[in-house]
Amino acid sequence: MTCIDRRDLGLLLLRLSTGGVLAAHGAQKLFGWFGGGGIEGTGAAMEAMGYSPGKTSARAAGLAEAGGGTLLALGLATPAAGAAAAGAMAGAAAVHVPNGFFAMNGGYEYTASLGLAAAGLAVTGPGRLSLDHLLGHAVNRGWMVPIALGTTAAVTAVVVGTRNNRVRKAREGEQETLFDE
């Protein structure tokens with residue numbers, strides 16, 4: 001047994017902070033905790049954002065965030081947990097892209113940061129202060145990383161692409177103001 005080094009402590013801090021924030025976001029969607037809308041409210045919001053069906057989208061996003069975040073914080077099944085959370089954040093970022101990068105303008109800065117941190121943890125691994133390490137990395141093998149990230153990327157591309165097409169078609173029917181008064 002080697003001693004814990006600062007890399008392990010850094011990964012623990014990154015996992016706890018990123019995973020904790022993601023788990024709280026997911027709990028807002030799934031249970032209405034922390035001022036969230038629960039499945040009903042989040043489902044209606046998801047529909048309005050172009051994700052349909054709304055309740056199914058709310059459950060999927062909530063599970064990816066709460067489940068992925070909790071597993072990241074624990075350092076368990078890190079490739080799958082990080083990929084799931086990153087996919088959920090890519091879906092959230094798609095909604096914010098029209099507002100530019102910075103969060104103060106409603107941009108995707110925050111969602112991109114969470115998603116990239118989760119993906120980075122999926123690639124790097126959880127460190128020695130984790131359940132994955134304690135369990136001999138049974139669900140944290142190197143070959144799992146490209147499979148988890150690749151599968152999530154493919155599913156996310158389909159979901160976000162479908163959402164973007166739905167939003168684009170809805171906007172095609174809108175009439176822009178032709179003349180200023």
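1. Which residues does Thr78 touch, not counting residues up to four places away in sequence? With contact taken as heavy atoms within 4.5 Å, Thr78 touches Leu72, Leu121, Ala122, Gly125, Pro126, Asp132, Val139 and Asn140.

2. A word on the basis of this note: the model is predicted, so that local features need pLDDT of at least 70 and side-chain atom pairs count only at pLDDT 80 or more, while totals for chains, interfaces and linings use all residues. Residues are numbered from 1 along each chain as its sequence is written, and side-chain values use heavy atoms, with hydrogens and water left out.

3. Thr78 lies in helix 4, which covers residues 78-96; helices here are DSSP runs of H or I with at least four residues, numbered from the N terminus. Thr78 has a relative accessible area of 0% and is therefore buried (buried means under 20% relative accessible area, with a 1.4 Å probe and protein chains only).

4. The largest nonpolar core, a set of buried Ala, Val, Leu, Ile, Met, Phe, Trp, Tyr and Cys residues joined through side-chain atoms within 4.5 Å, has 13 residues, and those with the most contacts inside it are Leu22, Leu72, Ala85, Met89 and Ala118. Helix 1 (6-31), helix 3 (54-74), helix 4 and helix 5 (109-124) each supply at least two residues of this core, and helix 4 gives the most, with five residues.

5. Leu72, leaving aside its neighbours within four places in sequence, is in contact with Arg15, Gly19, Leu22, Thr78, Ala81, Gly82, Ala85, Ala118 and Leu121. There is also a second, separate core of ten residues, which includes Met46, Ala58, Ala66 and Val160.

6. Helix 4 also meets helix 7 (residues 144-172), and the axes of the two come within 9 Å and cross at roughly 20 degrees, where axes are lines fitted to C-alpha atoms over the stretch in contact and angles run from 0 to 180 degrees between N-to-C directions. Helix 4 and helix 7 are therefore roughly parallel to each other, a label given to angles under 35 degrees. Among the residues that meet are Pro79, Ala83 and Gly87 in helix 4, and Met144, Ala148 and Arg163 in helix 7.

7. Gly115 is found in helix 5, and its relative accessible area of 9% is why Gly115 is called buried. Leaving aside its neighbours within four places in sequence, Gly115 is in contact with Ala86 and Met89. Gly115 and Ala148 are 33 residues apart in sequence and 14 Å apart in space, C-alpha to C-alpha.

Methods. Buried < 20%, exposed > 50% of the residue type's maximum accessible area, 1.4 Å probe, protein only. Parallel < 35°, antiparallel > 145°, perpendicular 65-115°, else oblique.
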